[in-house]
Amino acid sequence: MISESQKEHRLEGPNTSSRVIVPKQVPLQGGFSAQEVPACCRRNLQQGVPTESAIELMAGSNCTPVTEFSLTGFTKDLVAQLTLFLMFLLIYLFTILGNLGMIALIRASPQLHSPMYYFLGNLAFVDLCSSTVITPKMLVDFLSEKKVIAYAGCMAQVFIYDLFGMTVCFLLAMMAYDRYMAICHPLVYPLVMSPKCCLQLVVGSYLMGLANGVGQIMGISSLSFCSSNILDLFFCDISPLISLSTSDTTLSYLILTTSASLFGMSSCLIVLVSYVAIISAILSIRSAEGKRKAFSTCASHLTTVSIFYGTALFMYLKPSSDSSREDKWAAVLYTVVTPMLNPLIYSLRNNEVKEALRRLAKPK
């Protein structure tokens, strides 16, 4: 027999075979049904740890859909916010001018009408778009007392940024393949890298990005956000959103992991295999001048790849930091700074681009 003091309330979940046992000393309030108990609370109760926050959450278990998210940004100090606003505004202006200038230069210079610069023009366009998804909203928040983003706007930001982020991965992979064909198989290079083939590779890169964006947004659009709507970041990123959810996140994490493994690792593998073959081919060249000339054709792309994958790996694979400030600056490096650097890298390190600039600047 169970004494009156040992009696337990039982809540039957959607699956009647599983029950959540709640000690009587923590009475349930709010008049909610078992089906409405959030997943995070059910897990706590099953483990016998009915925390105060879990009980408060269940007390308001008629989960009101989140209509907006609050972004913490970088700092609350007004002087620091103004300084950061000016700094990021300058970076964004350089990003716009640099990438638009690169696109215009490629279109206006016949000597740059080659597969490598066709891919570079698309990379500049994608960098411009991905930066525009993040930076303008961040600049507005620096000047706003209330830093919020609507739920629909947050989902759109996740979708568009994931679309262009994965597109960049595959464009860099296609550029690595282009360099591989140019250095290792120069005789068949014009035949293999035909305009039709280049168009197909670029379209395929955008389709991979689209598949990634659709998959990620499907994974998080069904999540519930009941306990909090505060994102400790300056934009909507998928990992913090999943962590913030109070519903079952198994599918979302599965999609995130599958996408990173299938899309991210496959594009990275193309780059690695291409450059292993390129380096092997360059080392087999006997003359120092030949090695220098061969390496110069891929030095800019190798620098871009190193920055992109280096910052991405640092942001997403580094151990969780106790300092959210460190995580935010890592995100700045990946989302804001990198799109600005690519035009600078190709204009400063690439002789063909510098020659095209001189020809355009020369008075006729």
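User: How much space lies in the largest cavity of this predicted model?
Analyst: In this predicted model, the count comes to 3 cavities of 30 Å³ or more. For the largest cavity, the space comes to about 100 Å³.

User: Which helices give two or more residues to the lining of the largest cavity?
Analyst: The residues that line the largest cavity include Asp-127, Tyr-161, Phe-308 and Thr-338. Two or more lining residues are given by each of three elements, namely helix H4 (115-142), helix H5 (151-184) and helix H11 (324-349).

User: Which helix gives the most to the nonpolar patch?
Analyst: On the surface there is a nonpolar patch of about 590 Å², which is made by Tyr-118, Leu-199, Val-203, Leu-207, Leu-210, Val-214 and Met-218. With 6 residues, the element that gives the most to this patch is helix H7 (residues 195-221).

User: Why does Val-203 count as partly exposed?
Analyst: Val-203 is found in helix H7, and this residue is also one of those that make the nonpolar patch. A residue is called partly exposed when its relative accessible area lies between the limits of 20% and 50%. Val-203 therefore counts as partly exposed, because its relative accessibility is 41%.

User: How far apart are the end C-alpha atoms of residues 148-175?
Analyst: An unreviewed UniProt entry lists several spans as "transmembrane region", among them residues 84-105 and 148-175. Residues 84-105 are 100% helix, with end C-alpha atoms 31 Å apart. Residues 148-175, in turn, are 89% helix and 11% strand, and the distance between their end C-alpha atoms is 38 Å.

Methods. Residues are numbered from 1 along each chain as its sequence is written. This is a predicted model: local features need pLDDT of at least 70, side-chain atom pairs count only at pLDDT 80 or more; totals for chains, interfaces and linings use all residues. Side-chain values use heavy atoms; hydrogens and water are left out. Patches are made of residues with over 30% relative accessible area and no salt bridge: like charges are joined within 9 Å, nonpolar side chains (Val, Leu, Ile, Met, Phe, Trp, Tyr) within 5 Å. Accessible areas come from the Shrake-Rupley method with a 1.4 Å probe; for residues, only the protein chains shown count as cover. A salt bridge is a side-chain nitrogen of Lys or Arg within 4 Å of a carboxyl oxygen of Asp or Glu. Helices (H or I, at least four residues) and strands (E, at least two) are DSSP runs, numbered from the N terminus. Buried means under 20% relative accessible area, exposed over 50%, partly exposed in between (1.4 Å probe, protein chains only). UniProt positions are given in the numbering used here, feature names are shortened, and annotations may be inferred rather than shown by experiment. On a 1 Å grid over the protein atoms alone, a cavity is a set of points where a 1.4 Å probe fits but cannot get out, and a pocket is an open set with protein on both sides within 12 Å along at least five of seven lines; lining residues have an atom within 4 Å of a point. Grid points are joined across faces, edges and corners, and a volume is the space filled by probe spheres set on the points.
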